[in-house]
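Welcome! Take a moment to look at the sequence and the model below, and then we will walk through some of its features together.

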Amino acid sequence: MSRFDIAKIDDLIHSRLRLGVMTYLADAEVADFTELKAVLEVTQGNLSVQLRKLEDAGYVTIEKSFLGRKSRTQVRLTKDGRKAFADYLKALESLVGRGM
């Protein structure tokens with residue numbers, strides 16, 4: 001049996017909150033900040049910090065605009081983010097599949 005290379009698990013994505021963001025965006029394509037905050041049941045500050053980490057890695061883009069007088073923040077996966085998430089899922093599947 002070959003050894004599993006645990007280094008293939010992307011630590012940036014592996015965090016519970018960042019994994020939640022990536023999973024939600026993979027399906028939703030785009031999400032408002034308030035939508036993510038509600039779905040993931042996190043504070044505004046915690047979500048902001050984690051989104052910044054994903055943005056710095058190039059996994060998401062954050063677009064700020066106004067809708068009338070209200071500010072609006074939308075988050076999307078980038079092409080690199082989609083690939084990183086697919087690679088993460090493949091690595092996780094390889095790890096989990098070994099025990100079954």
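Is Val96 buried, exposed or partly exposed, and why? Keep in mind that this is a predicted model. Val96 is partly exposed, because its relative accessible area is 44% and the partly exposed class lies between under 20% for buried and over 50% for exposed. You will find Val96 in helix α5, which covers residues 79–98. On the surface, Val96 belongs to a nonpolar patch together with Ile6 and Leu95. The accessible area of these three residues together is about 250 Å².

Now turn to the sheet. Three strands make up an open sheet in the order β1-β3-β2, and their pairing is antiparallel. At the edges sit β1 (30–32) and β2 (60–67), each of which pairs on one side only. On average, neighbouring strands of this sheet are turned by 25° against each other, with direction ignored.

For a closer look at one pairing, follow β1 and strand β3 (residues 70–77): 3 bridges join them in the antiparallel sense. Here you can spot Asp32, which stands opposite Gln74 in β3.

Two helices lie across strands of the sheet, as set out here.

| Helix | Lies across | Angle |
|---|---|---|
| α2 (residues 16–28) | β1, β2 and β3 | about 90° to β3 |
| α4 (residues 44–56) | β2 and β3 | about 120° to β2 |

When you go back to the model, try finding helix α2 across β1, β2 and β3, and then helix α4 across β2 and β3.

Notes. Residues are numbered from 1 along each chain as its sequence is written. This is a predicted model: local features need pLDDT of at least 70, side-chain atom pairs count only at pLDDT 80 or more; totals for chains, interfaces and linings use all residues. Side-chain values use heavy atoms; hydrogens and water are left out. Patches are made of residues with over 30% relative accessible area and no salt bridge: like charges are joined within 9 Å, nonpolar side chains (Val, Leu, Ile, Met, Phe, Trp, Tyr) within 5 Å. Accessible areas come from the Shrake-Rupley method with a 1.4 Å probe; for residues, only the protein chains shown count as cover. A salt bridge is a side-chain nitrogen of Lys or Arg within 4 Å of a carboxyl oxygen of Asp or Glu. Helices (H or I, at least four residues) and strands (E, at least two) are DSSP runs, numbered from the N terminus. Buried means under 20% relative accessible area, exposed over 50%, partly exposed in between (1.4 Å probe, protein chains only). Two strands pair if DSSP finds at least two bridges between them. Axes are lines fitted to C-alpha atoms, for helices over the stretch in contact, and angles run from 0 to 180 degrees between N-to-C directions. Contact means heavy atoms within 4.5 Å.
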